[in-house]
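Dear colleague,

I am passing on the structure below, together with some notes on what turned up when I went through it. Please read the notes with the coordinates open.

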Amino acid sequence: AQMTNSMLNEIYANFGFFNLLMVPILTLPFWLTFRREGAYRQHPMNLAEAATAMAYTGCQNQMVNILGLPFITAHNIGTVSLIEYLVVIPLFLLTFWQMFQIGLWRYVGRMVLFGLLCLVLLLLTVLVVSFIPYLLQ
């Protein structure tokens, strides 16, 4: 529990940096999932376009967090964070749906696939980062 709290404090203290780190981690699953959707069917999306889309959503996330800063105190940081995520997640979903202009159920399926790919990639990243000290010994 103490390690989790210290890790969360580190993420909150350097949120912009962690937000920036998520762009390359989320770009590959996003590109694999959406490269031939919507307007990109005839001309598939390349990795640079996928990275730009992920950076755009990262900026949206950062803006929502900046707007929430005046309301954060030591007593309500959890509540404000919850409200921010309740705003960020629908904004994230709406942004991509508008970007690709595909049917709702096709989009939901693609977002589930994107979420699963992100989960696998994030778990692999955590495993690699966790075992680097053991490999360097």
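In which helix is the place of Gln-62? Gln-62 belongs to helix α3, which covers residues 47–68, and please keep in mind throughout that this is a predicted model. With a relative accessible area of 23%, Gln-62 is partly exposed, and, leaving aside residues up to four places away in sequence, Gln-62 touches Phe-15, Gly-16 and Asn-19. Ser-130, by contrast, lies 68 residues from Gln-62 in sequence, and the two C-alpha atoms are 27 Å apart in space.

Phe-15 also appears in the packing of two helices. Helix α2 (residues 15–34) packs with α4 at an angle of about 35°, the two axes being 15 Å apart, and the contact is made by Phe-15, Phe-30 and Phe-34 on the α2 side and by Tyr-85, Phe-96, Met-99 and Phe-100 on the α4 side. The crossing in which α2 passes α4 is right-handed.

Helix α4 has a part in the surface as well, where a nonpolar patch is formed by Leu-94, Trp-97, Leu-104, Trp-105, Val-108, Val-112, Leu-116, Leu-119 and Leu-123, which together have about 900 Å² of accessible area. Both α4 (77–100) and α5 (104–135) supply at least two residues of this patch, although α5 gives the most, with 7 residues. Trp-97, which is placed in helix α4, counts as partly exposed because its relative accessibility is 34%, a value that falls between the 20% and 50% limits for that class.

The salt bridges, finally, come to 2 in count. In one of them Glu-37 pairs with Arg-106, with the closest N and O atoms 2.7 Å apart; Glu-37 lies in the loop between α2 and α3 while Arg-106 is in helix α5, so this pair ties together parts that are 69 residues apart in sequence. Glu-37 also forms a salt bridge with Arg-110, where the closest N and O atoms are 3.1 Å apart, and since Arg-110 is likewise in helix α5, that pair ties together parts that are 73 residues apart in sequence. Salt bridges that share partners thus join Glu-37, Arg-106 and Arg-110 into one network.

How buried or exposed are the members of this network? Glu-37 counts as buried, at 2% relative accessibility, whereas Arg-106, at 40%, counts as partly exposed, and Arg-110, at 23%, counts as partly exposed too.

With kind regards

Technical notes: Residues are numbered from 1 along each chain as its sequence is written. This is a predicted model: local features need pLDDT of at least 70, side-chain atom pairs count only at pLDDT 80 or more; totals for chains, interfaces and linings use all residues. Side-chain values use heavy atoms; hydrogens and water are left out. Patches are made of residues with over 30% relative accessible area and no salt bridge: like charges are joined within 9 Å, nonpolar side chains (Val, Leu, Ile, Met, Phe, Trp, Tyr) within 5 Å. Accessible areas come from the Shrake-Rupley method with a 1.4 Å probe; for residues, only the protein chains shown count as cover. A salt bridge is a side-chain nitrogen of Lys or Arg within 4 Å of a carboxyl oxygen of Asp or Glu. Helices (H or I, at least four residues) and strands (E, at least two) are DSSP runs, numbered from the N terminus. Buried means under 20% relative accessible area, exposed over 50%, partly exposed in between (1.4 Å probe, protein chains only). Axes are lines fitted to C-alpha atoms, for helices over the stretch in contact, and angles run from 0 to 180 degrees between N-to-C directions. A crossing is left-handed if the near helix is turned anticlockwise from the far one by less than a right angle, and right-handed if clockwise. Contact means heavy atoms within 4.5 Å.
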